Amino acid sequence: MTAFSTLNTLPQAQIDNLTELGYLSMTPVQAAALPAILAGKDVRVQAKTGSGKTAAFGLGLLQHIDASRFHTQSLILCPTRELADQVANELRRLARYKPNIKILTLCGGQPFGAQRDSLQHAPHIIVATPGRLLDHLQKSTVSLDNLQTLVMDEADRMLDMGFSDAINEIIAFAPASRQTLLFSATWPEAIAAISGRVQRNPETIEIDTVDALPAVEQQFFEVSRGGKASLLQKLLSEHRPASCVVFCNTKKDCQEVCDALNAAGQDALALHGDLEQRDRDQTLVRFANGSARVLVATDVAARGLDIKSLELVVNYELAWDPEVHVHRIGRTARAGNSGLAISLCAPEEAQRANILAEMLQLKLNWLNPPANGKVMPLEAEMATLCIDGGKKAKMRAGDVLGALTGEMGFDGADIGKITIHPAHVYVAVRQSVARQVWKQLQSGKIKGKACRVRLLK
């Protein structure tokens with residue numbers, strides 16, 4: 001266990017901030033990467049999601065920010081809006097010790113004009129997805145002339161999503177004399193090639209490589225492709241997880257599996273690349289607040305999700321890459337917890353299973369499917385109300401909770417997670433009172449104002 005105080009270049013104010021945030025000691029990736037990052041070196045890191053890499057590059061780049069210079073000094077590229085939001089929120093927490101640091105996210109699915117207005121005063125740090133950032137660079141609403149640090153987070157997924165050309169164009173706008181930090185869960189040849197082009201003598205760090213299996217019980221079931229949907233429903237009925245992610249390899253399978261689960265009375269949501277941004281946001285909120293017990297997702301869509309206490313992961317199809325398999329199953333073993341991962345394997349996937357066993361040096365635990373497993377409804381405990389307003393209307397969680405439990409008289413135990421977005425507030429309420437809360441909110445007020453509210457289905 002290595003304390004952050006051993007890093008002599010971190011100011012005491014940041015050490016105190018880290019202590020308040022609960023960062024008492026460095027994770028392996030932080031201990032390995034931070035000395036080089038703080039020294040201004042280029043670094044390339046192979047580390048899985050959840051390893052603490054955001055704090056590793058965040059602490060480094062914040063040290064080099066001069067708040068008195070109103071230029072963009074650091075840029076973090078992320079594959080998805082969800083990951084960009086997650087990174088930006090973490091950076092704001094890490095930057096609390098340093099006044100007047102402006103951090104801005106630039107992602108697709110948000111109005112370009114509003115982003116352009118926010119850029120009238122250049123942010124010190126931009127967290128962006130490649131496509132939207134390139135739009136701003138080409139319209140000269142963003143300047144990277146004073147960039148000191150470029151971070152590419154989840155670089156392998158950015159390539160998987162077809163951002164290679166956009167990344168190359170973005171780098172052409174950046175000064176050559178910069179620090180470049182590259183983070184990736186896997187290390188395919190294409191990532192090594194990018195590192196060779198954009199980094200200068202990078203220090204290479206490998207943490208939690210494919211050999212480091214999470215503490216997960218793995219079960220494998222052989223089943224025909226046509227029998228997978230039925231077996232999945234039986235296994236969910238048997239284990240009855242409070243929260244579960246089912247991974248599919250294609251968007252088409254993802255939606256079909258989700259539809260089949262809902263038809264069987266098992267509350268499920270789909271997350272894939274064909275969803276509009278608003279639908280993606282609502283899906284993530286509803287799953288996180290307990291309004292659905294099963295999330296059916298593709299790997300790209302699920303990258304960067306911050307899901308705590310996940311009881312079960314199901315591989316509806318085996319991943320093509322063993323490292324992706326490890327990344328999937330690790331989502332059910334966060335923060336030292338144990339977990340269960342189930343893989344459904346059709347005969348035509350046998351070769352993938354053999355490669356997985358060989359590369360992970362693992363004897364696969366093959367089980368017989370339940371003989372007469374009964375499919376039972378897997379209903380969510382909560383439902384979600386969407387209230388128009390949000391941060392722009394200066395609504396706070398306390399305002400909503402106070403209106404529900406005070407003026408309207410609902411029991412606080414029936415109110416769950418309250419999530420504030422820019423234009424909406426999402427409130428989890430118990431299914432048993434959801435319609436009643438919805439009706440009273442339609443005629444009630446929050447902060448003295450009437451509000452529009454929908455019950456999400």
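Two aromatic rings of Phe, Tyr or Trp count as a pair if their centres lie within 6.5 Å, and planes over 60 degrees apart make the pair edge-to-face. Keep that in hand for the first exercise, and remember throughout that this is a predicted model.

**Exercise 1. Aromatic pairs**

Find how many aromatic pairs the structure holds, then classify the one formed by Phe4 and Tyr23.

Solution.
- Step 1: The structure contains 3 aromatic pairs.
- Step 2: In one of them, the ring centres of Phe4 and Tyr23 are 6.3 Å apart and the planes meet at 75°, so this pair is edge-to-face.
- Step 3: Now place the partners. Phe4 belongs to the segment before α1 (12-21), while Tyr23 is in the loop between α1 and α2 (28-38); with their positions 19 residues apart, the pair links distant parts of the chain.
- Step 4: Check the surroundings: Phe4 and Tyr23 are both buried.

**Exercise 2. Charges over rings**

Which rings have the charged ends of Lys139 and Lys228 sitting over them?

Solution.
- Step 1: For Lys139, the ring is that of Phe112, with the charged end 5.3 Å from the ring centre.
- Step 2: For Lys228, the ring belongs to Tyr316, and the distance to its centre is 5.7 Å.

**Exercise 3. Two helices and their cover**

Work out how far helix α3 is enclosed, and test the length of helix α12 against its residue count.

Solution.
- Step 1: Helix α3 covers residues 53-63, and 10 of its 11 residues are buried, so the rest of the structure largely encloses it. The buried ones include Lys53, Phe57 and Leu62.
- Step 2: Helix α12 has 12 residues (277-288); at 1.5 Å a residue they should span 16 Å. The C-alpha atoms at its ends are 17 Å apart, which agrees.
- Step 3: Cover comes next. In α12, 9 of the 12 residues are buried, among them Arg280, Asp281, Arg286 and Phe287.
- Step 4: Take Phe287 by itself: it is part of α12, and its relative accessible area of 6% makes it buried. From Phe287 to Ile76 is 211 residues in sequence and 27 Å in space, C-alpha to C-alpha.
- Step 5: Just past the helix, Gly290 adopts a positive phi of about 90°.

**Exercise 4. The setting of Ser237**

Is Ser237 buried or exposed, and which backbone atoms lie by polar atoms of its side chain?

Solution.
- Step 1: Ser237 is in helix α10 (residues 228-239).
- Step 2: Its relative accessibility is 5%, so Ser237 counts as buried; the cut-off is under 20%.
- Step 3: A polar atom of the Ser237 side chain lies 2.9 Å from the backbone oxygen of Gln233. The backbone nitrogen of Met376 lies 2.8 Å from a polar atom of that side chain.
- Step 4: Set aside neighbours within four places in sequence, and Ser237 is in contact with Gln266, Lys374, Val375 and Met376.

**Exercise 5. Cysteines and disulfides**

How many disulfides does the structure have, and why is Cys248 not bonded to Cys254?

Solution.
- Step 1: Searching the whole structure gives 0 disulfides.
- Step 2: Cys244 is in none; its nearest cysteine sulfur belongs to Cys248, 11 Å away.
- Step 3: For Cys248, the closest cysteine sulfur is in Cys254, at 5.3 Å, which is too far for a bond; the limit is 2.5 Å.
- Step 4: Cys244 is buried at 0% relative accessible area, and Cys248 is buried at 0% too.

**Exercise 6. Positive phi without glycine**

Where in the chain are Glu154 and Arg240 found, and is each buried or partly exposed?

Solution.
- Step 1: Glu154 has a phi near 50°, a positive value in a residue other than glycine. Its place is the loop between β5 (149-152) and α7 (155-160).
- Step 2: With a relative accessible area of 1%, Glu154 is buried.
- Step 3: Arg240 is not a glycine either, yet its phi is positive at about 50°. Arg240 lies in the loop between α10 and β9 (244-248).
- Step 4: Arg240 counts as partly exposed, at 31% relative accessibility.

Methods:
Residues are numbered from 1 along each chain as its sequence is written. This is a predicted model: local features need pLDDT of at least 70, side-chain atom pairs count only at pLDDT 80 or more; totals for chains, interfaces and linings use all residues. Side-chain values use heavy atoms; hydrogens and water are left out. Buried means under 20% relative accessible area, exposed over 50%, partly exposed in between (1.4 Å probe, protein chains only). Helices (H or I, at least four residues) and strands (E, at least two) are DSSP runs, numbered from the N terminus. The expected span of a helix is 1.5 Å times one less than its number of residues. Rings of Phe, Tyr and Trp (its six-membered ring) pair if their centres lie within 6.5 Å; planes under 30 degrees apart count as stacked, over 60 as edge-to-face and the rest as tilted. A charge sits over a ring if NZ of Lys or CZ of Arg is within 6 Å of the ring centre and within 35 degrees of the ring normal. A polar contact is a pair of N or O atoms within 3.5 Å; within protein, one must be able to donate a hydrogen and the other to accept it, and residues adjacent in sequence count only if both atoms are side-chain atoms. Contact means heavy atoms within 4.5 Å.
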